[in-house]
Amino acid sequence: MQIRYALFLLFGILPLPVASQAPSAMPLEKEPHHQLLLQNQDVIVFKVKLMPGDTLLLHRHVHDEASMTISNGTTLAIVPGQPPVPQKDVSGTVRFHYAGVVHQIKNTGDRPYYLHESISLLRPQGKVRNFCSAVAEGQPLNCPDPPAKNSAPFISEPQYETEQMRATVIRVQPQQGAPIGEPDRDDLIVAVDKVVATSGSSLAKELNPGDCMWLGHGDKAQLIKNNSAEEARFVIFAFKP
């Protein structure tokens with residue numbers, strides 16, 4: 001009897017089987033929905049696609065992160081130990097969060113959802129300042145007044161900036177263009193709508209929704225053209241020297 005009682009106590013204090021413990025988060029680059037698009041000294045850029053009902057595997061962001069949506073959608077943000085949070089995503093929305101986030105995203109809509117881009121920022125970004133997007137909690141918006149409608153070929157809407165980078169949405173009017181490229185900075189350009197990049201006599205480069213382009217400070221300036229009958233948008237992530 002004493003031996004049975006001792007064995008009962010022994011097995012009662014053993015740890016639970018591994019299968020019952022919470023799974024560990026994989027690195028972002030190992031999450032299978034993340035498709036690598038571009039990598040250099042400043043960024044690692046991933047395209048993410050979720051079919052209806054699909055969920056990202058639990059993963060960890062080890063770098064500060066910029067992201068933006070390409071298509072409208074409804075998702076569920078899942079963070080271990082917290083209630084899931086429903087989200088309504090709008091194309092052209094840009095976000096920022098610091099390193100260390102562990103989460104999942106589920107597509108609760110009836111169409112494919114694109115979170116594109118997921119941009120790992122390889123330099124720590126420091127403090128964040130809001131412009132037209134409330135990415136820094138507790139800070140007011142500092143969004144400039146928009147120009148009069150149709151008074152300019154394009155509208156520049158700064159969203160936020162860090163100590164290393166500024167994110168800006170550019171709205172190009174139909175059949176108009178917006179110049180990009182500065183001699184003292186590097187730019188990551190992401191198309192929200194279909195646009196065309198041209199530079200002098202070089203061949204035009206078509207950018208479909210979700211396509212990206214890196215423009216280094218030594219590269220030629222570009223003109224991003226909207227050849228459609230509707231407004232077209234793209235986002236510039238401009239990296240400070």
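This is a short tutorial dialogue on reading pockets, aromatic pairs and sheets in a predicted model.

User: I'd like to start with empty space. How much of it lies in the largest pocket?

Analyst: Happy to help! Rolling a probe the size of a water molecule over the atoms shows where empty space is left. In this predicted model, about 550 Å³ of space lies in the largest pocket. Its lining comprises 28 residues, and those nearest the centre are Ala77, Gln87, Arg95, His97 and His103.

User: Which elements give two or more residues to that lining?

Analyst: They are strands S5 (64-69), S6 (73-78), S7 (85-89), S8 (94-97), S9 (102-107) and S10 (113-121). The largest share, four residues, comes from S8. Keep S8 in mind, please.

User: What is the lining of the largest pocket like by class?

Analyst: You will find 14 nonpolar, eleven polar and three charged residues there.

User: And how much space lies in the second largest pocket, and which residues lie nearest its centre?

Analyst: The second largest pocket holds about 200 Å³ of space. Of the 15 residues that line this pocket, Ser156, Thr168, Ile170, Arg185 and Ile236 lie nearest the centre. Two or more lining residues come from each of strands S12 (154-161), S13 (165-172), S14 (177-180) and S20 (232-239). By class, the lining of the second largest pocket has nine nonpolar, three polar and three charged residues.

User: Let's turn to aromatic rings. How many aromatic pairs does a search of the whole structure find?

Analyst: A pair of aromatic rings is described by the distance of the centres and the angle of the planes. Here the search finds three aromatic pairs. One of them joins Phe96 and Tyr98, with 5.1 Å centre to centre and 85° between the planes, an edge-to-face arrangement.

User: Are Phe96 and Tyr98 buried or partly exposed?

Analyst: Phe96 has a relative accessible area of 9% and is buried, whereas Tyr98 is at 40% and counts as partly exposed.

User: Why is the pair of Phe96 and Tyr160 called tilted?

Analyst: Look at the angle: the planes of Phe96 and Tyr160 stand at 50°, with the ring centres 5.9 Å apart, so this pair is tilted. Phe96 sits in strand S8 and Tyr160 in strand S12, so their pairing ties together parts that are 64 residues apart in sequence. Both of these residues are buried. Together, ring pairs link Phe96, Tyr98 and Tyr160 into a cluster.

User: S8 and S12 keep coming up. Where does S8 stand in its sheet?

Analyst: S8 belongs to an open sheet of five strands, ordered S2-S3-S10-S5-S8 with antiparallel pairing. Strand S2 (34-39) and S8 stand at the edges with a single partner strand each, so one side of each lacks a neighbour in the sheet. From one strand to the next, the twist averages 20°. Four bridges join S8 to S5, and the two run antiparallel. Within S8, Phe96 stands opposite Ala66.

User: And what is the strand order in the sheet that holds S12?

Analyst: S12 is in an open sheet of six strands with antiparallel pairing, in the order S11-S12-S13-S20-S15-S18. Strand S11 (129-130) and strand S18 (212-215) are at the edges; each has a single partner strand, so one side of each is left without a neighbour in the sheet.

User: How many bridges join S12 to S13?

Analyst: Seven bridges join these antiparallel strands. To locate a facing pair, find Glu161, which stands opposite Arg166 in S13.

Methods
Residues are numbered from 1 along each chain as its sequence is written. This is a predicted model: local features need pLDDT of at least 70, side-chain atom pairs count only at pLDDT 80 or more; totals for chains, interfaces and linings use all residues. Side-chain values use heavy atoms; hydrogens and water are left out. On a 1 Å grid over the protein atoms alone, a cavity is a set of points where a 1.4 Å probe fits but cannot get out, and a pocket is an open set with protein on both sides within 12 Å along at least five of seven lines; lining residues have an atom within 4 Å of a point. Grid points are joined across faces, edges and corners, and a volume is the space filled by probe spheres set on the points. Ala, Val, Leu, Ile, Met, Phe, Trp, Tyr, Cys and Pro count as nonpolar, Asp, Glu, Lys and Arg as charged, and the others, Gly among them, as polar. Rings of Phe, Tyr and Trp (its six-membered ring) pair if their centres lie within 6.5 Å; planes under 30 degrees apart count as stacked, over 60 as edge-to-face and the rest as tilted. Buried means under 20% relative accessible area, exposed over 50%, partly exposed in between (1.4 Å probe, protein chains only). Two strands pair if DSSP finds at least two bridges between them. Axes are lines fitted to C-alpha atoms, for helices over the stretch in contact, and angles run from 0 to 180 degrees between N-to-C directions.
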